[in-house]
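Trainee: Could you take me through one part of this model in detail? I would like to look closely at the aromatic rings and what surrounds them.

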Amino acid sequence: QVRLVESGGGLVQAGGSLRLSCAASGGTFSSYAMGWFRQAPGKEREFLASINWSGGSTRYADSMKGRFTISRDNAKSTVYLQMNSLKPEDTAVYYCAADRMWPSSYYAYWGQGTQVTVSS
């Protein structure tokens, strides 16, 4: 079973950047496609981006294109989400997820999340 631990969240001013990391353990990382999601208070969980096993293919929510970039380092068993030009509405708990399927609409494994707060 894959265990996922997110890090890199925090408080940032509007217009700033953050890079989130998600470290995986307990499985063969390169066998899993990875995704990033977020959930703001009172809102449903929202898909942000996903990446296939090798990192050669990515998908983004239309609203994230150009601001967020997903990448992975299979040697480090880590997936990243680079977030630029952050806005107060990006405030949410950010989660990474893993699944063997690509593309996947259902992710089998989830991290506990990391809080991102963007101040105006």
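Mentor: Happy to; here is a walk through the aromatic pairs, with a short stop at the disulfide afterwards. Keep in mind that this is a predicted model. The structure holds five aromatic pairs. One of them is formed by Tyr-32 and Tyr-109, which meet edge-to-face with 6.0 Å between centres and 80° between planes. This pair brings together distant parts of the chain, 77 residues apart: Tyr-32 sits in the loop between β3 and β4, and Tyr-109 in strand β10. Tyr-32 is buried, at 5% relative accessible area, whereas Tyr-109 is partly exposed at 23%.

Now turn to Phe-37 and Trp-110, whose ring centres are 4.8 Å apart; their planes meet at 55°, so this pair counts as tilted. Here too the partners come from distant parts of the chain, with Phe-37 in strand β4 and Trp-110 in strand β10, 73 residues apart. Phe-37 is buried, with 10% relative accessibility, while Trp-110 is partly exposed at 27%. Both rings belong to a cluster, linked by ring pairs, that also takes in Phe-47 and Tyr-107.

Arg-45 is worth a look as well. Arg-45 lies over the face of Trp-110, 4.0 Å from the ring centre, and also over the face of Phe-37, at 5.9 Å.

Finally, the disulfide: Cys-22 is joined to Cys-96, with an S to S distance of 1.9 Å. Cys-22 belongs to strand β3 and Cys-96 to strand β9, 74 residues apart. Both cysteines, Cys-22 and Cys-96, are buried, and their link is right-handed, with 50° about the S-S bond.

Terms used. Residues numbered from 1 in each chain as written. Predicted model: local features only at pLDDT ≥ 70, side-chain atom pairs only at ≥ 80, totals over all residues. Heavy atoms only, no water. Disulfide = S-S within 2.5 Å. Helix = DSSP H or I, 4+ residues; strand = E, 2+ residues; numbered from the N terminus. Buried < 20%, exposed > 50% of the residue type's maximum accessible area, 1.4 Å probe, protein only. Phe/Tyr/Trp six-rings, centres within 6.5 Å; stacked < 30°, edge-to-face > 60°. Lys NZ or Arg CZ within 6 Å of the ring centre and 35° of its normal.
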